[in-house]
Amino acid sequence: MSAPRIGVLALQGDVREHLAVLTGLGAEAVTVRRPAELAAVDGLVLPGGESTTMAKLAVRTGLLEPLRDAVRGGLPVYGTCAGLVLLADRLLDAPPDQPTIGGLDVTVRRNAFGRQAESFESSVPLAGVPGGSVSAVFIRAPWVEEAGPQVEVLGRVGGGPADGRIVAVRQGDVVATSFHPELTGDTRVHELFVGVVRRAVGGAVAVPSGAGAGAPDPGGAL
């Protein structure tokens with residue numbers, strides 16, 4: 001199979017870091033700033049950054065509706081931090097007019113972990129990710145306040161004042177984390193997303209990480 005073409009939304013945020021990780025995993029990583037570029041990718045990463053700025057720029061560049069259509073149409077998408085906010089169907093602690101792309105039946109609280117000075121790094125076990133907990137960097141991070149019945153909770157914070165808070169979810173081929181794996185050198189979340197994209201390109205049906213027995217399928221489980 002040829003390398004999947006995975007875009008990184010390049011309106012604002014930590015674009016270069018995602019491009020580097022995806023390229024290192026054998027994907028053809030490209031920037032997406034225009035609807036025509038979005039139409040040419042097999043999967044998309046929504047990076048961390050400032051969600052309100054990204055949403056405004058998506059409206060200004062004419063990308064918001066194509067993004068919504070792409071997610072509704074089944075494009076595999078992985079959102080980190082601000083990307084999780086953009087993928088949420090519902091927001092808390094956000095400007096009342098902030099638009100989202102949607103695609104995840106979740107309620108997300110913006111900046112739930114506090115200000116920039118309260119950023120931290122932790123280890124989070126993720127369902128379907130082999131090799132133990134992943135390194136997770138939280139920077140003005142959101143968390144998932146509520147998840148709908150079709151949403152699979154992949155990871156929660158363990159310990160501390162945020163114990164039990166949801167920080168990783170999946171609904172079909174839409175995946176999101178509150179944290180930034182692209183900043184840690186731990187490529188396992190990206191590797192599994194590349195597998196999700198490969199399966200989608202190949203026409204295979206993604207298997208939720210809780211389904212079936214035996215070892216997790218790296219192309220279908222996250």
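The protein I would like to walk you through today has 6 helices and 12 strands, and I should say at the outset that what we are looking at is a predicted model. Of its 222 residues, 50% count as buried. If we take the contacts in the protein with a separation of 6 or more, residues 24 or more positions apart account for 65% of them.

Let me begin with the helices, and with α1, which covers residues 15-24 and whose buried residues are Val15, His18, Leu19, Val21 and Leu22. When we look down the axis of α1, those buried residues fall within an arc of 165°, so they line one face of the helix. As for what lies against them, the buried residues of α1 pack against the strands β1 (5-9), β2 (28-32), β3 (43-46) and β4 (77-80), and also against the helix α6. On the face of α1 that is turned away from this buried side, we find the exposed residues Arg16 and Gly24. Just after the helix comes Gly26, which takes a positive phi of about 90°.

Helix α4, residues 64-72, can be described in a similar way, and here the buried residues are Leu64, Leu67, Arg68, Ala70 and Val71. Seen down the axis of α4, they fall within an arc of 160°, so they too line one face of their helix. This helix is followed by Gly74, whose phi is positive, near 105°. In the loop that leads from α3 to α4 sits Gly62, which counts as partly exposed, at 35% relative accessibility. Although Gly62 and Arg34 are 28 residues apart along the chain, their C-alpha atoms are separated by 7.6 Å.

I turn now to the largest pocket, which has a volume of about 170 Å³. It is lined by 13 residues, and those that lie nearest its centre are Gly49, Glu50, Cys81, Asn111 and Arg140. Sorted by class, the lining has 5 nonpolar, 5 polar and 3 charged residues.

Which residues does the UniProt annotation "binding site" cover? According to that record, which is an unreviewed entry, they are Gly49, Glu50, Ser51, Arg110, Ile139 and Arg140. These residues span 92 residues in sequence, yet no two of their C-alpha atoms are more than 12.7 Å apart, so they gather at one spot. The lining of the largest pocket takes in Gly49, Glu50, Ser51, Arg110, Ile139 and Arg140 from this set.

Two members of that set deserve a closer look. Ser51 is found in helix α3, which runs over residues 51-60, and with a relative accessible area of 4% Ser51 is buried. If we leave aside its neighbours within four places in sequence, Ser51 is in contact with Ala82, Val85, Leu86, Gln98 and Arg110, and Arg110 is itself covered by the "binding site" annotation. Ile139, on the other hand, has its place in the loop between β8 (134-138) and β9 (143-147), and at 24% relative accessibility Ile139 counts as partly exposed.

The same unreviewed UniProt entry carries an "active site" annotation, and this one covers Cys81, His180 and Glu182. Although they are spread over 102 residues of sequence, these residues cluster in space, with a largest C-alpha distance of 11.2 Å. Of these residues, the lining of the largest pocket includes Cys81 and His180.

Is His180 buried or exposed? At 4% relative accessibility, His180 counts as buried, and its position is in the loop between β12 (174-177) and α6 (188-202). Leaving aside its neighbours within four places in sequence, His180 is in contact with Asp14, Gly48, Thr80, Cys81, Val137 and Ile139. Among these partners, Cys81 belongs to the "active site" annotation, while Ile139 belongs to the "binding site" annotation.

Glu182 is likewise found in the loop between β12 and α6, and at 7% relative accessibility Glu182 counts as buried. Not counting residues up to four places away in sequence, Glu182 touches Asp14, Glu17, His18, Val21, Thr80 and His190. With His18 and Val21 we come back to where I started, to the buried residues of helix α1.

Methods
Residues are numbered from 1 along each chain as its sequence is written. This is a predicted model: local features need pLDDT of at least 70, side-chain atom pairs count only at pLDDT 80 or more; totals for chains, interfaces and linings use all residues. Side-chain values use heavy atoms; hydrogens and water are left out. UniProt positions are given in the numbering used here, feature names are shortened, and annotations may be inferred rather than shown by experiment. On a 1 Å grid over the protein atoms alone, a cavity is a set of points where a 1.4 Å probe fits but cannot get out, and a pocket is an open set with protein on both sides within 12 Å along at least five of seven lines; lining residues have an atom within 4 Å of a point. Helices (H or I, at least four residues) and strands (E, at least two) are DSSP runs, numbered from the N terminus. Buried means under 20% relative accessible area, exposed over 50%, partly exposed in between (1.4 Å probe, protein chains only). Contact means heavy atoms within 4.5 Å. The arc is that of the directions from the helix axis to the C-beta atoms. Grid points are joined across faces, edges and corners, and a volume is the space filled by probe spheres set on the points. Ala, Val, Leu, Ile, Met, Phe, Trp, Tyr, Cys and Pro count as nonpolar, Asp, Glu, Lys and Arg as charged, and the others, Gly among them, as polar.
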